[in-house]
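Thanks, everyone. Let me put the model up, and then I'll walk you through one strand and one helix.

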Amino acid sequence: MPTVPTVPTVPTGRTDTRRGRMSTRHEVIVSASAERDLERLPDRTAGEIRRFLTGPLRNDPRKAGNPLPESRSTMWEASGSEWRILYQVDANTLTVRVMVVAKRRDQGRRAS
């Protein structure tokens, strides 16, 4: 009987030693159009959004925002004092795709 090689398992996250559980970090992918939107924003606002993308959104995208009701939870929304982003979460690949970045006053202008 042939032997089946074993595949080593690699943890998908880091262990939170205080609670003894795994926490997964998602890969955040910014679409080309969202990147252009981000470049048009003032430096202060763009910096705040980038910190959000690499922090709360990457750590737990479902806690960082709210699902859009009309999208049947494929699209999510997160916002700060001056900005709003729309993103999709793929639980299978642990990726977050940022689709739209806008100033709060511009949030209704763009449909993707």
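I'll start with the ground rules, then the strand, then the helix.

This is a predicted model, so local features need pLDDT of at least 70 and side-chain atom pairs count only at pLDDT 80 or more, while totals for chains, interfaces and linings use all residues. Numbering runs from 1 along each chain as its sequence is written, and side-chain values use heavy atoms, with hydrogens and water left out.

Helices (H or I, at least four residues) and strands (E, at least two) are DSSP runs, numbered from the N terminus. Two strands pair if DSSP finds at least two bridges between them.

Take β7, residues 95-103. β3, residues 27-30, pairs with β7 in the parallel sense, over four bridges. β6, residues 83-90, runs antiparallel to β7, with eight bridges. Look at Val98 in β7. Val30 stands opposite Val98, and so does Tyr87. The hairpin of β6 and β7 has four residues between the strands, and Leu94 there takes a positive phi near 55 degrees.

Next, Arg97, also in β7. Arg97 is partly exposed, at 37% relative accessibility. The scale: buried is under 20% relative accessible area, exposed over 50%, partly exposed in between, with a 1.4 Å probe and protein chains only. Contact means heavy atoms within 4.5 Å. Leaving out residues up to four places away in sequence, Arg97 touches Ile29, Leu86, Tyr87 and Gln88.

Now α1, residues 32-40. Which residues of α1 are buried? Ser33, Ala34, Asp37 and Leu38. They fall within an arc of 140 degrees seen down the axis, so they line one face. That arc is taken from the directions from the helix axis to the C-beta atoms. Ala32 and Glu39, on the other side, are exposed. The cover over the buried residues includes β3, α2 (43-54) and β7.
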